[in-house]
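Student: I am new to this structure and would like a close look at a single part of it, followed outward step by step. Please take your time and keep the pieces connected.

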Amino acid sequence: METAHVLVAADKFKGSLTAVQVAERVTAGLRRVVPGVRVETLPVADGGDGTVAAAVAAGFERREARVTGPLGTQVTAAYAVRDTTAVVEMAEASGLQHLPDGEFAPLTATTYGSGELLAAALDAGARTIVFGVGGSATTDGGAGMLAALGARFLDGDGKPVGPGGGGLAELAEADLSGLDPRLAGIDLILASDVDNPLTGPKGAPEIYGRQKGATEDDIAVLDAALAHYASVLGPEHAGLPGAGAAGGIGYGALVALGARFQPGIEVMLDVLGFAPALANATLVVTGEGSLDEQTLHGKAPAGVAAAAREAGVEVVAVCGRLVLAQEALDGAGIRRAYPLTDLEPDPAVCMAQAGPLLERAAEAIARDFLV
């Protein structure tokens, strides 16, 4: 019989375990049943929060910069560099994690720090930048990011408009002539797991505004302001896939920075070296906190399973909760899923005890597929 070689390529369990911790727990559980099994770990991410951590786990160097947070105060943000490739995660600078509990600023939160983080990557010598966008606290169409990189957004009196999406309602002139000239010589990849347009019923304010504290009135204001912003900057980019990612920062990157959109998991699997790792594997374990309808639309486990199926390698998944029928799992290329809620039905206990429970789930995988 062929010697088993397991590749653990799972995303984080949000609120419980990082992708690195998931890999460690799965490895421990597998080895409890099959002590000598060969296990390779490759924590993955789809462009959202956790993307820099996944790059660092794959051998990138972690760097830090002090940048402007979404509320205008200074925060520390990490990015990752290997040779001339950088992985920049907008959530590190402009993410919901930088908002104090219960404090939102849907109309004024800015992506200025994301622009400063891109500039830090340029300073580090990056020629290719993977720009992971997701988990944002902002809905400013990337105007803050572009301002940090040298653009100017002026009102009718020639003064800078206010921060955030709300200020864009006053926009009269967009001057991109001062953008950092180094941007013209790089490959900027917009890595996202969402393909929403900038505005409208599937746009950034309507679909994602509420999770950033926006009221129905705020959503209407933001949608109109972003539509106006796009009419000044270039409406032809507003409907492109990914334009609505991370509060419209995707639009700013596409229209002004020459970015190219690519599904985040595809980019990250390439950057992390998934193909060579997969070449050695006889079984892949993927997963994330919740295997649900969203998983099937560009999330990490679906991307991992699709690549593994193409290579003819069997895939199983671990998750906190499972709301997909077996038919949907089969369609995604996942042979079987192991939800922690099968071991502990109480969701609060399940999240608190995710590590030990995940080890037990991995033991079951070993008994089912390795023994």
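Student: In β9, which residue is the bridge partner of T128?

Tutor: The bridge partner of T128 in β9 is D187, and since you are looking at a predicted model, everything that follows describes that model. This pair belongs to the contact between β6 and β9, which pair in the parallel sense over 5 bridges. Strand β6 covers residues 128-132 and β9 covers residues 187-192, and if you find these stretches in the view you can work outward from them.

Consider β6 itself next. The strand is mostly covered, with 4 of its 5 residues buried. Toward β5, strand β6 forms a parallel pairing over 5 bridges, in which V87 stands opposite V130 of β6. Strand pairing of this kind in a sheet is made through backbone hydrogen bonds, in either a parallel or an antiparallel sense.

If you step on from β5, the sense of pairing changes to antiparallel, for β4 (residues 74-82) and β5 (residues 85-89) run antiparallel and are joined by 4 bridges. One of the partners here is V88 in β5, which is the bridge partner of Y79. Put together, these strands belong to an open sheet of 6 strands whose order is β3-β4-β5-β6-β9-β10 and whose pairing is mixed. The edges of this sheet are β3 (61-68) and β10 (260-263), each of which pairs on one side only, and from one strand to the next the twist averages 30°.

Helices lie across this sheet, and β6 and β9 are touched by both of those described here. Helix α4, residues 112-123, lies across β3, β4, β5, β6 and β9, and runs at about 140° to β3. Helix α9, residues 245-256, lies across β6, β9 and β10, and runs at about 155° to β9.

The edge strand β10 leads to the largest pocket, which holds about 1200 Å³ of space. Of the 42 residues that line this pocket, K14, D193, E288, Q294 and K299 are the closest to its centre. The elements that give two or more residues to its lining are β10, β11 (283-291), β12 (314-322) and α14 (347-352). Sorted by class, the lining comprises 13 nonpolar, 16 polar and 13 charged residues.

Through β11 and β12 the path reaches an open sheet of 5 strands, ordered β2-β1-β11-β12-β13, with parallel pairing. Its edge strands are β2 and β13 (336-339), each pairing on one side only, and its twist averages 25° from one strand to the next. Within this sheet, β12 and β13 run parallel and are joined by 4 bridges, and the bridge partner of V318 in β13 is Y338. Helix α1 packs on the sheet by touching β1 (5-8), β2, β11 and β12, and its direction makes about 175° with that of β2. Helix α15, residues 354-369, packs on the sheet as well, touching β11, β12 and β13, with its direction at about 150° to that of β13.

Strands β11 and β12 appear once more among the elements that cover the buried residues of α12, a list that includes α10 (264-272), α11 (274-279) and α13 (326-332). Those buried residues of helix α12 (residues 300-310) are A300, P301, A302, G303, V304, A305 and A308. After the helix comes G312, whose phi is positive, near 75°.

Helix α1 leads in turn to the second largest pocket, where about 310 Å³ of space lies. Its lining has 22 residues, and K12, T18, D49, G50 and A53 lie nearest its centre. Helices α1 (19-33) and α2 (51-57) each supply at least two residues of this lining, and α2 gives the most, with 4 residues.

One last residue deserves a look, namely A45, which lies in the loop between β2 (38-41) and α2. With residues up to four places away in sequence left out, A45 touches D11, G50, T51, A54, G264, I265 and M268. Because its relative accessible area is 1%, A45 counts as buried, the cut-off for that word being under 20%.

Technical notes:
Residues numbered from 1 in each chain as written. Predicted model: local features only at pLDDT ≥ 70, side-chain atom pairs only at ≥ 80, totals over all residues. Heavy atoms only, no water. Pairing = 2+ DSSP bridges. Axes fitted to C-alpha atoms, helices over the stretch in contact; angles between N-to-C directions. Contact = heavy atoms within 4.5 Å. 1 Å grid on protein atoms, 1.4 Å probe; cavity = no way out; pocket = protein on both sides within 12 Å on 5 of 7 lines; lining within 4 Å. Points joined across faces, edges and corners; volume = space filled by probe spheres on them. Nonpolar A, V, L, I, M, F, W, Y, C, P; charged D, E, K, R; others polar. Buried < 20%, exposed > 50% of the residue type's maximum accessible area, 1.4 Å probe, protein only.
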